[in-house]
Amino acid sequence: MAEEFLPSVLAFGFALTAVLLVIAIWAVARRFASQYRDNVLGTTSVKLSDMFIFLDTAYLMKVSITATIIVPILLLLLTRNPLVAIGGAVICLFGPGFVHKRLKTNRRKSLIRQLPDTLDSLVGALRSGMSLQQALGLLSEQLPKPSNQEFGLVVRKLRMGVSLDDVLEELEKRIESQEYTMFTTSMRIAREVGGNLTESLERLADTMRKKLAMEDKIDALTSQGKLQGIIVGCLPLFLMWVLNIMEPESMAPLFNTLMGYMVLFVIFLLEFIGFILIRKIVKIDV
């Protein structure tokens with residue numbers, strides 16, 4: 001009698017285990033999605049709004065999940081390699097943070113490049129008889145992006161009654177640039193101690209132009225080292241690709257076995273460390 005019920009009991013046990021496993025996976029996935037939305041996408045959305053790029057967190061969530069599902073499947077179908085598919089999924093998951101960092105760096109460079117011309121325009125407006133708030137308002141209308149966005153925000157806050165010192169402090173924290181720190185410091189000193197603000201800003205603009213010219217010269221001199229680092233870093237990958245075409249049977253264990261995956265991991269780890277070291281060597285701060 002007991003033997004008759006044994007298969008049913010085992011089937012029920014396996015079914016119950018499968019249901020509990022699905023529930024546990026679902027709970028973990030929901031918790032991960034919630035933390036991912038709050039810590040990654042929510043933070044990215046807020047930081048993008050600081051750059052006047054307004055994207056809803058829910059929209060970023062949909063795009064990220066869709067890319068995380070579709071891209072690994074396409075990579076798996078094209079390469080037949082699960083390691084590549086997993087790498088694609090990781091890139092899609094944490095891609096918003098990398099994109100934000102890249103956008104922030106490019107925007108910061110544009111703001112620094114435009115600052116000398118911005119200071120010249122501010123000096124011209126002040127010498128024509130405008131007040132400081134009127135001159136800043138003129139900058140917000142005539143400057144190219146992204147400078148007009150930052151100074152437009154400055155003007156709006158001044159019109160709302162925020163003090164100039166607080167506005168300049170917020171501008172300095174938003175951009176996180178040595179050049180803008182020098183600009184805000186000059187404005188504060190001229191406001192508190194007195195002196196000719198236009199002459200201070202004029203000298204500051206000239207100093208920044210010389211600094212940017214020196215940075216361009218350094219970039220030109222170190223560009224050869226950067227290119228050499230890229231070539232040396234890509235050479236092993238190129239050889240791996242050539243050998244895989246010439247001797248696919250000999251290279252197959254590298255892409256189909258656990259030991260091969262470990263070797264690939266070590267290769268990419270060493271490549272990454274070498275890339276970082278070369279970047280540190282050729283990067284010179286002025």
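Reader: Which residues of H7 are buried?

Author: This is a predicted model, in which local features need pLDDT of at least 70 and side-chain atom pairs count only at pLDDT 80 or more, while totals for chains, interfaces and linings use all residues. Residues are numbered from 1 along each chain as its sequence is written, and side-chain values use heavy atoms, with hydrogens and water left out. With buried taken as under 20% relative accessible area (1.4 Å probe, protein chains only), and helices as DSSP runs of H or I with at least four residues, numbered from the N terminus, the buried residues of H7 are Glu 179, Tyr 180, Phe 183, Thr 184, Ser 186, Met 187, Arg 188 and Ala 190.

Reader: How far apart are the end C-alpha atoms of helix H7, and why does that agree with its length?

Author: The expected span is 1.5 Å times one less than the number of residues. Because helix H7 has 15 residues (178-192), it should span 21 Å, and the distance between its end C-alpha atoms agrees, at 21 Å.

Reader: Which element gives the most residues to the largest nonpolar core?

Author: A nonpolar core joins buried Ala, Val, Leu, Ile, Met, Phe, Trp, Tyr and Cys residues through side-chain atoms within 4.5 Å. The largest has 29 residues, and those touching the most other members include Leu 119, Tyr 180 and Phe 183. Two or more residues come from each of H3, H4, H5, H6, H7 and H8, and the element that gives the most, with seven residues, is H3.

Reader: In which helix does Phe 272 lie?

Author: Phe 272 lies, at residues 258-282, in helix H10.

How values were computed
Buried < 20%, exposed > 50% of the residue type's maximum accessible area, 1.4 Å probe, protein only.
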